[in-house]
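Work through the following exercises with the sequence and the coordinates at hand, and try each task before reading its solution.

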Amino acid sequence: MQQHSNSYTLRYAIFFTTAVAIVLALLASGLRPMQERNIAQAKRAAILQSVMTVDKATLESDYNSYITEFVYGLDGTEKVDEAAFDVDIRKQVKLADEERSFPVYVYNRDGETRYIIPLEGKGLWGPITAFVALDSDLNTISGVVFEHEKETPGLGAEISMAMFEDRYQGKKLYNDGGELVSVRVLKGSGNLIDSEHEVDGLTGATMTLNGVNGMMTDELLLYENILTSIKS
Amino acid sequence: MSTDSTLANPVVVPVDVAKDSAPKEPFWSPKNKRLLTDPFNDDNPITVQVLGVCSALAVTTQLKTALVMSVSVIVVMACANFLISLLRNTIPSRIRMIVQLLVISGLVVMVDQVLKAFAYDVARQLSVYIGLIITNCIIMGRLEAMAMSSKPAPSLLDGIGNGVGYGVILIVVAFFRELFGAGTLLGFQVVPQVFYDMGYVNNGIMLTSAAAMFIIAIVIWIQRSRNTKLVDIS
């Protein structure tokens, strides 16, 4: 192998990294519109999945006909000038609670009403999201969808399995005293559950479940005024 | 000054056309065919070269992830081998590993971006594994051993051959792990319910990485008992 001069090596390195960077940048920006559409479709699918079985072919028309979007402030007043679907919860979490916007999706089909609350939290390796669907009494959970980006397969990633999500069905947000306490997931699996505010956990997924609890309690409790104002 | 401008633009210099004066070899010569077929048996990247074992443990709990991983590795390895082989005479030897890594990671990012645009569900399932391709030592190993010293056509065949050789082992391991660990294949239940009613239980060990080690070891055992020239006589 021939020996190259220092200046050749340096120029080669600069040229090569620039070339690769340009190719990747062009590819990424060229594909972005398609990727963003996919992300929006996945979000619509997750919202609908918390209340019904999703058919990919009719996803968009189902969403438009059954879901109405609302945005509220912390005190429960509606913010009419914002679009719920475009609210980026990941950015909202960083704001002061009073300045935040809280989206609520209302599902209406054949006289059946569900309220879907989107939540965002931190898993072990990346962000996790939840869509919590409430019955029309705004107390009973009718379904939950969890999503994650990079939790460990077989451990933390199990939160997005129906087997885990179904454990939340029928649990209550308010205790007998009418206080908003939400639902906690316990550490480890095989716990005996006799409370309406607890679900069994997953072995080996403690860090991810801490994130789930963070969303399901701290974040969900911020919806207290909003739930009260929807009720009245 | 003129030499300077050619040096600054090394990608387009067709060095080996001028250099290799040997008569042109047909693409499907017996030697080239061996490049494609050897990695199945005599020169398998996992069982003989013992490369890429870590990713063989990680992605083989399910047949589906093993299949997608195999296809991605074949594509990345073939393209990387071909590109590096084209550039081999221009790459400064002191930074050759970094250049190789840049080509591999560039290709992997491209695969990821394209999957996100056209197969979003698959991309989301595989997000963790796609990054793993970059660290797959088979790719780097073949670039060093083959692409840096051979012409583009044989390098391409070598890349495809080694990718397939890797994929075959992955699929064999994933087949047994999914079958005995979960009773399914590609997500479909294959162990009938009657077996479970009679007291059959899925083998939890098959879902741990250790099981992949056992299966790879058994594959190596069977392979060497049939192909005695692989047995280490030293």
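## Exercise 1: a threonine in a helix

Determine whether B:T65 is buried or exposed, and find what it touches.

Solution. B:T65 has 21 other C-beta atoms within 10 Å and is therefore buried, given that a residue counts as buried with 20 or more other C-beta atoms within 10 Å of its own, as exposed with 12 or fewer, and as partly exposed in between, the C-beta atoms being placed from the backbone. The residue is found in helix α5 of chain B, where helices (H or I, at least four residues) and strands (E, at least two) are DSSP runs numbered from the N terminus. Leaving out residues up to four places away in sequence, B:T65 touches B:V59, B:L126 and B:Y129, a contact being a pair of residues whose C-beta atoms, placed from the backbone, lie within 7 Å. Of these partners, B:L126 is 61 residues away in sequence, while the C-alpha atoms of B:T65 and B:L126 are 7.4 Å apart in space.

Two conventions apply throughout. The model is predicted, so that local features need pLDDT of at least 70 and side-chain atom pairs count only at pLDDT 80 or more, whereas totals for chains, interfaces and linings use all residues. Residues are numbered from 1 along each chain as its sequence is written, and chains are lettered from A and ligands numbered from 1 in the order in which they are written.

## Exercise 2: the make-up of chain B

List the secondary structure elements of chain B in order, and state what percentage of its residues count as buried.

Solution. Chain B holds eleven helices and two strands, and from the N terminus on they run α-α-α-α-α-α-α-α-α-β-β-α-α. Of its 234 residues, 35% count as buried. Among the contacts in chain B between residues at least 6 apart in sequence, 79% join residues at least 24 apart.

## Exercise 3: the span of a helix

Check the end-to-end distance of helix α9 of chain B against the expected span.

Solution. The helix covers residues 152–182, which makes 31 residues, and the expected span is 1.5 Å times one less than the number of residues. This gives 45 Å, and the end C-alpha atoms are 43 Å apart, which agrees. Just after α9(B), B:G183 takes a positive phi of about 75°.

## Exercise 4: two helices in contact

Find the angle at which α3(B) and α9(B) pack, and name the residues that make the contact.

Solution. Helix α3 (residues 30–37) of chain B packs against α9(B) at an angle of about 30°, with the axes 7 Å apart; axes are lines fitted to C-alpha atoms, for helices over the stretch in contact, and angles run from 0 to 180 degrees between N-to-C directions. The two helices are therefore roughly parallel to each other, since angles under 35 degrees count as roughly parallel, over 145 as roughly antiparallel, 65 to 115 as roughly perpendicular and the rest as oblique. From α3(B) the contact takes B:N32, B:L35, B:L36 and B:T37, and from α9(B) it takes B:P154, B:L157, B:D158, B:I160 and B:G161. By class, this contact has five nonpolar, three polar and one charged residues, where Ala, Val, Leu, Ile, Met, Phe, Trp, Tyr, Cys and Pro count as nonpolar, Asp, Glu, Lys and Arg as charged, and the others, Gly among them, as polar.

## Exercise 5: the largest core and the interface

Identify the elements that supply the largest nonpolar core, and describe the contact between the chains.

Solution. A nonpolar core is a set of buried Ala, Val, Leu, Ile, Met, Phe, Trp, Tyr and Cys residues joined through C-beta atoms within 7 Å. The largest has 49 residues, and those with the most contacts inside it are B:V76, B:A80, B:I84, B:L170 and B:V173. Two or more residues each come from α1 (6–49) of chain A and from α5 (63–87), α6 (96–118), α7 (120–134), α8 (137–145), α9 and α11 (209–226) of chain B, and α5(B) gives the most, with 13 residues. Between the chains, 24 residues of chain A are in contact with 21 residues of chain B, and the side of chain A that touches chain B has 15 nonpolar, six polar and three charged residues.

## Exercise 6: positive phi in two loops

Compare the settings of A:D110 and A:L138 in terms of loop and exposure.

Solution. A:D110 is found in the loop between β2 (102–109) and β3 (112–122) of chain A, with phi near 50°, a positive value in a residue other than glycine. Having 5 C-beta neighbours inside 10 Å, A:D110 counts as exposed. A:L138 is found in the loop between β4 (127–134) and β5 (141–148) of chain A, with phi near 55°, and its 18 C-beta neighbours inside 10 Å make it partly exposed.
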